[in-house]
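Grab a coffee and open the viewer. Here are a few short exercises, each with a worked solution to check yourself against.

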Amino acid sequence: MRALGVIWALGRTLALATTLMLTLAAPGRAAETIRLAVQKTGTFSWELAAIRASGLDKEADLALEVTELASTEAGKIAMRAGSADIILSDWLWVSRERALGAKLTFYPYSSALGAVMVPASSPIKTLADLKGRKLAVAGGAIDKSWLLLQARMKQDGIDLKSEATIAYGAPPLIAAKALDGEMEASLNFWNFCAQLEAKGFRRLAGIEEILPKLGAKGAVSAVGYVFDESWAASHKDAVARFIAMTRKAKQLLVTSDAAWDKIAPLTGTNDVTLLKTYRERYRDGIPRRSIAEEEQDARVLYRVLAETGGRDLVGPAAELDPGTFYHAVPGD
């Protein structure tokens, strides 16, 4: 299955490259600048390290101007202020912003999602066993993974929010509580789950595993490159080159363990087991479906999230805004 996904992704990259062949052939042209606002500790910085180390930015005739930020919220502020051309965020936020008048658009970056983690020796064997337990949740009461987990459990007649003891906190704090044994289970972002996995914790269930029960037909990219619709229209070739470049970088990180040598210092660890887990989970999260398939499943999950999280989460729109997903080439 992964081999088929790689072939599909390579095909999409080839289509983008073909579309741009004449543009890139123009002699004496200065590299076009794209301003990126990147969370310093995020995985986008890993991808950028691979791009620069392999010269993919020069090959794409792009000058990447990177501003490192402390959080994803800071990236959203940069986008609103017009000081960044591209950030990483999720389609739910993009759709909400569109409903409020900001015409942003989204292109898939990663389908890697969080997971419910338990100690290796835990008696908790299924999600139903979380009933009556202490569960730590990263990201707060309207975190998307948490809302999706609640929606899934309600299908089995379990109101996890009221039938378990819930503690919210920042991802590093939740990971620390799990390691200290303060909580019986935790729901955290994928990279923190990888840390627990490397320490011997067991994945009770990945959020991606429950999506089919909620109506999704495949892996859905939770995070993507986000940019303004009008900016994309006036920089269409640059956006296409950017997307083709990032696709090549992802394929490099799928096929080359050596490429990860440039990334290792950015992960904050030299633990061989953890680095291997990071590599495997990152690769698992590389999007391998068409934009049309991604968008169709996002519409389904949007309705689930809107019902569970309400207006506080999705804003005034009951449906995913039609322009939320960006199509780089025909048939993408």
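**Exercise 1. Find which residue of β10 stands opposite L104, and work out how β10 pairs with its neighbours.**

Start with L104: the residue across from it in β10 is D228. Next, look at the two strands involved. β4 (residues 104-110) and β10 pair in the antiparallel sense, with six bridges between them. Now check β3 (residues 87-90), which also pairs antiparallel with β10 (residues 223-228), this time over four bridges. For a landmark there, take S89, whose bridge partner in β10 is G224.

**Exercise 2. Decide how far to trust the model, and where confidence is lowest and highest.**

Keep in mind that this is a predicted model. Begin with the overall score: the protein's pLDDT averages 89, and 90% of the residues reach at least 70. Then go to the extremes. Helix α2 (residues 21-24) has the lowest confidence, with a mean of 44, while strand β5 (residues 115-118) has the highest, at 98. Finally, look around the weak spot: residues 17-28 stay under 50, and the model has 10 contacts beyond four places in sequence for them.

**Exercise 3. Work out the strand order of the five-stranded open sheet, and say which helix lies across β5, β6, β7 and β8.**

Step one is the order, which reads β7-β6-β8-β5-β9, with mixed pairing. Step two is the edges: β7 (165-169) and β9 (202-206) each have a single partner strand, so one side of each has no neighbour in the sheet. Step three is the twist, where neighbouring strands are turned by 25 degrees against each other on average, direction ignored. Step four is one pairing up close: β5 and β9 run antiparallel and are joined by four bridges, with V118 partnered by R202 in β9. Last comes the helix: α7 (residues 144-154) lies across β5, β6 (134-138), β7 and β8 (185-188), at about 125 degrees to β8.

**Exercise 4. Classify the ring pair F106 and F325: stacked or edge-to-face?**

First, some context: the structure holds 14 aromatic pairs. For F106 and F325, the ring centres are 5.1 Å apart and the planes sit at 65 degrees, so this pair is edge-to-face. Then place them: F106 is in strand β4 and F325 in the segment after α16 (311-314), 219 residues apart. Both are buried, F106 at 0% relative accessibility and F325 at 4%.

Now repeat with Y109 and Y225: centres 5.4 Å apart and planes at 80 degrees, so edge-to-face. Y109 lies in β4 and Y225 in β10, so this pair ties together parts 116 residues apart in sequence.

Methods
Residues are numbered from 1 along each chain as its sequence is written. This is a predicted model: local features need pLDDT of at least 70, side-chain atom pairs count only at pLDDT 80 or more; totals for chains, interfaces and linings use all residues. Side-chain values use heavy atoms; hydrogens and water are left out. Two strands pair if DSSP finds at least two bridges between them. pLDDT is the predictor's confidence in each residue, from 0 to 100. Contact means heavy atoms within 4.5 Å. Axes are lines fitted to C-alpha atoms, for helices over the stretch in contact, and angles run from 0 to 180 degrees between N-to-C directions. Rings of Phe, Tyr and Trp (its six-membered ring) pair if their centres lie within 6.5 Å; planes under 30 degrees apart count as stacked, over 60 as edge-to-face and the rest as tilted. Buried means under 20% relative accessible area, exposed over 50%, partly exposed in between (1.4 Å probe, protein chains only).
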